[in-house]
Amino acid sequence: MTVLVTGGAGYIGSHMVLALRDAGREVVVLDNLSTGFRWAVHPEAAVVEGDCGDEALLGKVIREHGVDAIVHFAGSIVVPDSVADPLGYYLNNTVRSRALIAAAVANGVPRFLFSSTAAVYGDAKESPIVETAPLDPVSPYGTSKLMTEMMLRDTARAHPLKYVALRYFNVAGADPAGRSGQSSPRATHLIKVATQAALGERTHLDVFGTDYPTPDGTCLRDYIHVSDLARAHVLALDHLAAGGESAVFNCGYGRGYSVLEVIEAVKRVSGVDFPVNHAPRRAGDPAALVAGAGRIRETLGWKPELDDLDTIVAHALAWERNLAARRQAAE
Ligand SMILES: NC(=O)c1ccc[n+]([C@@H]2O[C@H](COP(=O)([O-])OP(=O)(O)OC[C@H]3O[C@@H](n4cnc5c(N)ncnc54)[C@H](O)[C@@H]3O)[C@@H](O)[C@H]2O)c1
Ligand SMILES: O=c1ccn([C@@H]2O[C@H](COP(=O)(O)OP(=O)(O)O[C@H]3O[C@H](CO)[C@H](O)[C@H](O)[C@H]3O)[C@@H](O)[C@H]2O)c(=O)[nH]1
């Protein structure tokens with residue numbers, strides 16, 4: 001079984017490649033390296049530099065490598081950018097996903113995993129949010145992902161293709177063995193930005209909004225360790241290979257931490273008391289996003305191994321130090 005991983009040079013995709021290689025699977029990565037890094041890909045995985053919307057290239061890769069499962073991470077991920085450039089997001093996330101699904105059908109690939117997001121729920125009325133909650137994205141990013149989920153649902157009804165859509169909550173942390181992590185210098189994610197502040201790479205951290213209807217006034221999020229998330233994907237592939245039905249799963253631990261609690265954790269783990277400013281709310285931030293996380297545990301037998309905020313922060317911090325050392329070595 002060879003698994004095609006689109007976006008395998010990116011943050012989450014590179015951890016999936018590690019998890020697949022750790023499980024002894026053959027892997028080919030397709031990535032256009034727009035935000036990913038070739039060095040982030042496990043050395044035993046094949047790498048094709050190209051676009052996941054290039055149907056001719058996809059057909060060639062699928063046939064040459066004998067691909068029988070596709071894991072689709074490639075995409076654009078910054079919510080405010082999607083508000084400024086909706087058509088760009090619909091092109092990269094929706095139109096190109098359509099091409100990839102079409103290539104899977106045309107070449108008889110039977111299994112497909114898709115990186116979806118909690119953003120498909122929009123400003124959810126309930127917390128925790130279960131998979132059957134209303135789907136009402138408030139950003140083009142969320143809509144672009146929901147449209148791909150719908151294409152997969154309809155395609156799976158018409159063709160012999162089974163799929164799993166995994167709706168990630170807040171992905172954070174880094175490979176515990178230090179082989180990969182969040183490497184994008186432009187990353188906007190809270191734990192990444194806070195570790196950069198702890199290491200003096202940023203002067204301070206802004207807290208976006210302190211007047212939310214939450215216990216300390218800051219937003220609640222469900223932070224999931226990237227390596228636990230990658231293992232969930234391996235189990236989802238096993239589920240489909242064993243004849244399991246197509247499914248949609250939330251990926252989170254089912255517990256929310258506030259922005260201030262995360263900052264405290266980064267200060268505690270790093271031992272650095274960096275400056276924190278209170279700033280206005282960021283557009284489009286829901287007050288609370290916490291996963292109803294039962295379905296994935298029951299269906300896939302997924303058991304988190306790194307469900308601990310300090311552990312997530314410690315691994316993120318170790319990776320940030322690793323990146324700083326790489327930069328120094330390159331200078
Ligand atoms: N990071 C999160 O918290 C989070 C949350 C929910 C969902 N997701 C989803 O997970 C997936 C991976 O996110 P990430 O955080 O690893 O982002 P990332 O930017 O690190 O990875 C995306 C990868 O896809 C590649 N890529 C982008 N467009 C491509 C294209 N058209 N063809 C080929 N390669 C392309 C990039 O070069 C990069 O390597 C995305 O689909 C994202 O929407 C991420
Ligand atoms: O410098 C910062 C960065 C973030 N935050 C706050 O920290 C929380 C988490 O923000 P992130 O940017 O880390 O993550 P989001 O919850 O905005 O986004 C995540 O969830 C989204 C779904 O809503 C998408 O899936 C997206 O890809 C994923 O990273 C938010 O309340 C945000 O306002 C700050 O206060 N300061």
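**Notebook: two domains, two ligands**

I started with the domain layout of this predicted model. The C-alpha centres of domain 1 and domain 2 lie 26 Å apart. I then looked up what each side brings to the contact: domain 1 gives 18 residues and domain 2 gives 13. On the domain 1 side, I found α3 (79-84), β7, β10 and α7 (226-241) each giving two or more residues. The top contributor there is α3, with 3 residues. I sorted that side by class and got 11 nonpolar, 5 polar and 2 charged residues.

Next I noted the bounds. Domain 1 takes in 2-172 and 223-251. Domain 2 is made of 190-221, 254-289 and 306-330.

**Confidence**

I checked the scores before going further. Mean pLDDT for the chain is 96, and 100% of its residues reach 70 or more. For the complex, the predictor gives an ipTM of 0.97 and a pTM of 0.97.

**Ligand 2**

Which residues are closest to ligand 2? I listed Thr117, Ala119, Leu190, Phe208 and Cys219, out of 20 that surround the ligand. Two elements give two or more residues to this shell: α6 (190-198) and β8 (205-208). The largest share, 4 residues, comes from β8. By class I counted 12 nonpolar, 4 polar and 4 charged residues.

Why does ligand 2 lie between the domains? Both domain 1 and domain 2 give residues to its shell, so I place the ligand between them.

**Ligand 1**

I turned to ligand 1 and its 29 surrounding residues. Gly7, Gly10, Gly36, Ala74 and Gly75 come nearest. At least two shell residues come from each of α1 (11-22), β2 (26-31), α4 (86-106), β5 (111-117) and β7 (170-172). I see α1 giving the most, with 3 residues. The class split here is 11 nonpolar, 15 polar and 3 charged.

**Helix α10**

Last, I looked at α10, residues 309-330. This helix has 22 residues. From first C-alpha to last, α10 reaches 32 Å, close to the 32 Å expected at 1.5 Å a residue.

Which residues of α10 are buried? I wrote down Leu309, Ile312, Val313, Ala314, His315, Ala316, Leu317, Trp319 and Glu320. I then traced what these buried residues pack against: β7, α6, β10 (223-225), β12 (257-258) and α8 (259-270). Two of these elements came up earlier in my ligand entries: α6 in the shell around ligand 2, and β7 in the shell around ligand 1.

Key. Residues are numbered from 1 along each chain as its sequence is written. Chains are lettered from A and ligands numbered from 1 in the order in which they are written. This is a predicted model: local features need pLDDT of at least 70, side-chain atom pairs count only at pLDDT 80 or more; totals for chains, interfaces and linings use all residues. A residue is near a molecule or strand if its C-beta atom, placed from the backbone, lies within 6 Å of it. Ala, Val, Leu, Ile, Met, Phe, Trp, Tyr, Cys and Pro count as nonpolar, Asp, Glu, Lys and Arg as charged, and the others, Gly among them, as polar. Domain bounds come from an automatic or database domain assignment. The expected span of a helix is 1.5 Å times one less than its number of residues. A residue is buried if 20 or more other C-beta atoms lie within 10 Å of its own, exposed if 12 or fewer, and partly exposed in between; C-beta atoms are placed from the backbone. Two residues are in contact if their C-beta atoms, placed from the backbone, lie within 7 Å. pLDDT is the predictor's confidence in each residue, from 0 to 100.
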